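Take a moment with the model below before reading on. The paragraphs that follow walk through it step by step.

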Amino acid sequence: KDTYIGEGDSDNESADSEADDCLQNAGAYSGEEVLRIMKDKLVRLQKLYIDQFQRIVHKMRESRRVYLSRLRAEKDAGLVSIYSQPKDVQEYARFKAMMHYYSPVGREALLAARNRERRL
């Protein structure tokens, strides 16, 4: 019969080690025991991944529901979206000019870009 030498205490710190595991301190495992332990760990991980995926799907659906309810309330209140507003060309050009009023030029632009890259 094949036996495998355990790794010692390294499994004690793992998140999936169980306190009531009778083979934890044995040090040597048979082939069937290794297969059973690995299968139990894989089944547990699969269950955890499925639970996490279901939680993420639930959060996504909830945030979509909140977004749609806010959008509906915004439409009911008569607020206008930025994309459906009437466009005034002169006002838009003035707004764009004001947005670039404080933007750096020349050497200052290069230093600002380098600083932005460093922050990322």
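What follows is a short tour, from the overall layout to single side chains.

Keep in mind that this is a predicted model. The mean pLDDT of the protein is 78. Of its residues, 71% reach 70 or more. Confidence varies along the chain: among the elements, helix 1 has the highest mean pLDDT, at 92. Strand 1 (residues 3-5) has the lowest, at 56.

Start with the layout. The protein holds 3 helices and 2 strands. Along the sequence they come in the order β-β-α-α-α. The protein has 120 residues, and 5% of them count as buried. Its accessible surface comes to about 11,700 Å². Carbon and sulfur atoms account for 57% of that surface.

Now turn to helix 1, which covers residues 31-77. How far does helix 1 reach from its first C-alpha to its last? The distance is 69 Å, over 47 residues. That is close to the 69 Å expected at 1.5 Å a residue. Just after helix 1 comes Gly78, with a positive phi of about 85°.

Which residues of helix 1 are buried? Ile37, Lys41 and Val57 are. Part of the cover over the buried residues of helix 1 comes from strand 2 (28-30).

Helix 1 also contributes to the surface. Leu45 has its place in this helix. Together with Leu42, Leu48 and Tyr49, Leu45 forms a nonpolar patch on the surface. The four share about 420 Å² of accessible area. Why can Leu45 belong to a surface patch? Its relative accessible area is 36%, so Leu45 is partly exposed. Patch residues must have over 30% relative accessible area, so this value passes the cut-off.

Next, look at the charged side chains. The count of salt bridges comes to 4. Three of them are described here, beginning with Arg36 and Asp40, whose side chains meet at 3.4 Å, N to O. Both residues lie in helix 1, 4 residues apart, about one turn of the helix. Arg36 is partly exposed, with a relative accessible area of 41%. Asp40 is partly exposed too, at 39%.

Further along helix 1, Glu62 and Arg65 form another salt bridge. Here the N to O distance is 2.5 Å. The two residues sit 3 residues apart, again about one turn of the helix. Glu62 has a relative accessible area of 33%, so it counts as partly exposed. Arg65 is partly exposed as well, at 48% relative accessibility.

Move on to helix 2 (residues 89-99). Its side chains of Glu91 and Arg94 meet in a salt bridge of 3.1 Å, N to O. What separates Glu91 and Arg94 along the helix? They are 3 residues apart, so about one helical turn lies between them. Glu91 counts as partly exposed, at 41% relative accessibility.

Finish at helix 3, which spans residues 107-119. How many of its 13 residues are buried? The count is 0, so helix 3 is hardly covered, since buried means under 20% relative accessible area. Its length can be checked too. At 1.5 Å a residue, the 13 residues should span 18 Å. The end C-alpha atoms are 19 Å apart, which agrees.

How values were computed:
Residues are numbered from 1 along each chain as its sequence is written. This is a predicted model: local features need pLDDT of at least 70, side-chain atom pairs count only at pLDDT 80 or more; totals for chains, interfaces and linings use all residues. Side-chain values use heavy atoms; hydrogens and water are left out. Buried means under 20% relative accessible area, exposed over 50%, partly exposed in between (1.4 Å probe, protein chains only). Accessible areas come from the Shrake-Rupley method with a 1.4 Å probe; for residues, only the protein chains shown count as cover. Patches are made of residues with over 30% relative accessible area and no salt bridge: like charges are joined within 9 Å, nonpolar side chains (Val, Leu, Ile, Met, Phe, Trp, Tyr) within 5 Å. pLDDT is the predictor's confidence in each residue, from 0 to 100. The expected span of a helix is 1.5 Å times one less than its number of residues. Contact means heavy atoms within 4.5 Å.
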